[in-house]
Amino acid sequence: MKNIKIAIWAIPVVLTALWSIANFPLPQTLGFIAIRNLVVQYSGVLSMGAMSVAMILATRARWLESWVNGLDKSYRLHKWLGISALVTSIVHWIAAQGPKWMVGLGLMEAPQRGPRPAGAPDLGAVQAFFTSQRELAEGVGEWAFYAAVLLIALALIKRFPYRLFASTHTLIAIAYLALVAHGVVLLNFESWPQPLGIVMALLMAGGVVSAVLALSRQIGRGNRVAGKIKTIKTFAELNATAVGIALEEGWAGHAAGQFAFVTFDPKEGTHPFTIASAWDPASREVLFISKGLGDYTDVLPKTLAVGGEATVEGPYGRFTFDDGQGRQIWIGGGVGITPFIARMKHLAKMPGSKPVDLIHSTKEVSAEALDLLKADAAAAGIRLHVLIDGRDGFLSGERLRKLVPSWKAASVWFCGPAAFGQALRGDLLASGLAADQFHQELFNMR
């Protein structure tokens, strides 16, 4: 989370500094139109900067995932940059359209564009071309803005089906390309040779490449491996399904705690699932556990069959239990138990030296699934605590501290509902746990 917070603040701060260098000193006379023009330029720079970085993050590049400590964190940053771009682009649109509205309401007279001052230097060929394209760029940018606002809004509406979200979200790349054309023409020409122009050119170039990769469906292609469904097991009490997929050559293995994008039906598209098995190059089988949480996951068990084809892309994520603490506490909320199952299967084959307490807090319970969990914990040498909401109550920071008296010497690894994790994190940090000792999987792609 630390790097996400750094990035979300650093991007506008750096762009603000570069814009200030390019625009200071300000005009001596700051009338309404002059201020409006400054707001238009400033908000445009912030919008294009945020959207460009968001586009680059969408490529799932390994080096970016490493910097933000996992693709789940990368998608969280991508989401907040999208929201930032939405807010600043609305400000940009209001500033750009404001004078027209005020003229229409009779609140001001239309500003007159007089002839070029005598003795003004002739425009160069490039600047003259940009100037001639201003009206077209303004029109293209306005319609691209409407499209981007709609698509970003749909992405933020959780009730909008994931399948439709996945297909429509790609269209943002088209809107982005139109906005790049808008920005290239309308950024103050004098800014291009300055640090602001150079940085904006690099960001937009990266964004354009990313948009082309998205539209040509090249993102993640090098990490995709075909496979066949080998096993399917349902746990009716949990509304969960475990699917084993035998992968073809090309999968280099994965670390326990990572996840992958799985495609069972090309029409449905890819869905992220945490891997629930340790890697075995002999069987080349990976296990995924999904819980019916609405939309596609509800009907998944009815649509799958042994022998069916699947495509797996990954692995992604940095929820891999690597730290320097002497002991660990794992907390799996509901289906968030999945990465810990994978880790226990790994430790059963390659035992570790750290004492581990696993707390599984769940609303539903399956006797069969619970027996499997106990067997995995015993094989891995893990101390298991199962808390069933209706029987044992909810897990709190106070209760955790009683279950594991030496909690301050441990790192905490949490996977489950985001609000649950944030509540535990706040409680434990307030009680003395160091911030870098709490690791949370932000398994939410929207």
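1. Arg401 and Trp407. In this predicted model, Arg401 lies over the face of Trp407, at 5.7 Å from the ring centre. A charge placed over a ring turns up again at Arg60, whose charged end sits over the ring of Phe261, 4.2 Å from its centre.

2. Arg60 in a network. Arg60 also takes part in a network of salt bridges, where it is linked with Arg224 and Glu313. When reading the structure, look at Arg60 from both sides: the ring of Phe261 lies under its charged end, and the salt-bridge network includes Arg224 and Glu313 along with Arg60.

3. Salt bridges in general. Side chains of opposite charge can pair when their charged atoms come close. How many salt bridges does the structure hold? The number is 17. Points 4 to 6 take up examples.

4. Arg134 and Glu138. These two residues form a salt bridge in which the closest N and O atoms are 4.0 Å apart. Both belong to helix 6, which covers residues 134–156. Arg134 and Glu138 are 4 residues apart in that helix, so about one helical turn separates them. Arg134 has 32% relative accessibility and counts as partly exposed. Glu138, at 33%, counts as partly exposed too.

5. Lys233 and Glu368. Here the side chains meet in a salt bridge with an N to O distance of 2.7 Å. Lys233 lies in strand 1 (residues 224–235) and Glu368 in helix 12 (residues 367–380), so this salt bridge ties together parts that are 135 residues apart in sequence. Are the two residues buried or exposed? Lys233 is partly exposed, with a relative accessible area of 35%, and Glu368 is partly exposed at 40% relative accessibility.

6. Arg391 and Asp392. The side chains of Arg391 and Asp392 meet in a salt bridge at 2.8 Å, N to O. Arg391 has a relative accessible area of 57%; the cut-off for exposed is over 50%, so Arg391 counts as exposed. Asp392, at 22% relative accessibility, counts as partly exposed.

7. Trp19 and Tyr42. A pair of aromatic rings is described by the distance of the centres and the angle of the planes. A search of the whole structure finds 22 aromatic pairs. In one of them, the rings of Trp19 and Tyr42 have centres 4.9 Å apart and planes at 45 degrees, so the pair is tilted. The pair links distant parts of the chain, with Trp19 in helix 1 (residues 2–23) and Tyr42 in helix 2 (residues 32–57), 23 residues apart. Trp19 counts as buried because its relative accessibility is 9%, whereas Tyr42, at 28%, counts as partly exposed.

8. An aromatic cluster. Aromatic residues also occur in a group: Trp93, Trp101, Trp143, Phe145 and Tyr146 form one aromatic cluster.

9. Helices 8 and 9. Two packed helices are described by the angle between their axes and the distance between the axes. How do helix 8 and helix 9 lie, roughly parallel or roughly antiparallel? The axes of helix 8 (residues 172–186) and helix 9 (residues 195–215) come within 9 Å and cross at roughly 155 degrees. Angles over 145 degrees count as roughly antiparallel, so helix 8 is roughly antiparallel to helix 9. The crossing of helix 8 past helix 9 is left-handed.

10. Ile219. Which loop holds Ile219? Ile219 has its place in the loop between helix 9 and strand 1. Ile219 is buried, with a relative accessible area of 15%. Its C-alpha atom is separated by 15 Å from that of Ser74, and the two residues are 145 residues apart along the chain.

11. Val412. Val412 is found in strand 10, which covers residues 410–415. At 1% relative accessibility, Val412 counts as buried. Between the C-alpha atoms of Val412 and Arg327 the separation is 9.0 Å, with their positions 85 residues apart along the chain.

12. The chain as a whole. The secondary structure comes to 15 helices and 11 strands. Of the 446 residues of the chain, 47% count as buried. The C-alpha trace spans about 90 × 50 × 40 Å along its principal axes.

Conventions. Residues are numbered from 1 along each chain as its sequence is written. This is a predicted model: local features need pLDDT of at least 70, side-chain atom pairs count only at pLDDT 80 or more; totals for chains, interfaces and linings use all residues. Side-chain values use heavy atoms; hydrogens and water are left out. Rings of Phe, Tyr and Trp (its six-membered ring) pair if their centres lie within 6.5 Å; planes under 30 degrees apart count as stacked, over 60 as edge-to-face and the rest as tilted. Helices (H or I, at least four residues) and strands (E, at least two) are DSSP runs, numbered from the N terminus. Buried means under 20% relative accessible area, exposed over 50%, partly exposed in between (1.4 Å probe, protein chains only). A charge sits over a ring if NZ of Lys or CZ of Arg is within 6 Å of the ring centre and within 35 degrees of the ring normal. Axes are lines fitted to C-alpha atoms, for helices over the stretch in contact, and angles run from 0 to 180 degrees between N-to-C directions. Angles under 35 degrees count as roughly parallel, over 145 as roughly antiparallel, 65 to 115 as roughly perpendicular and the rest as oblique. A crossing is left-handed if the near helix is turned anticlockwise from the far one by less than a right angle, and right-handed if clockwise.
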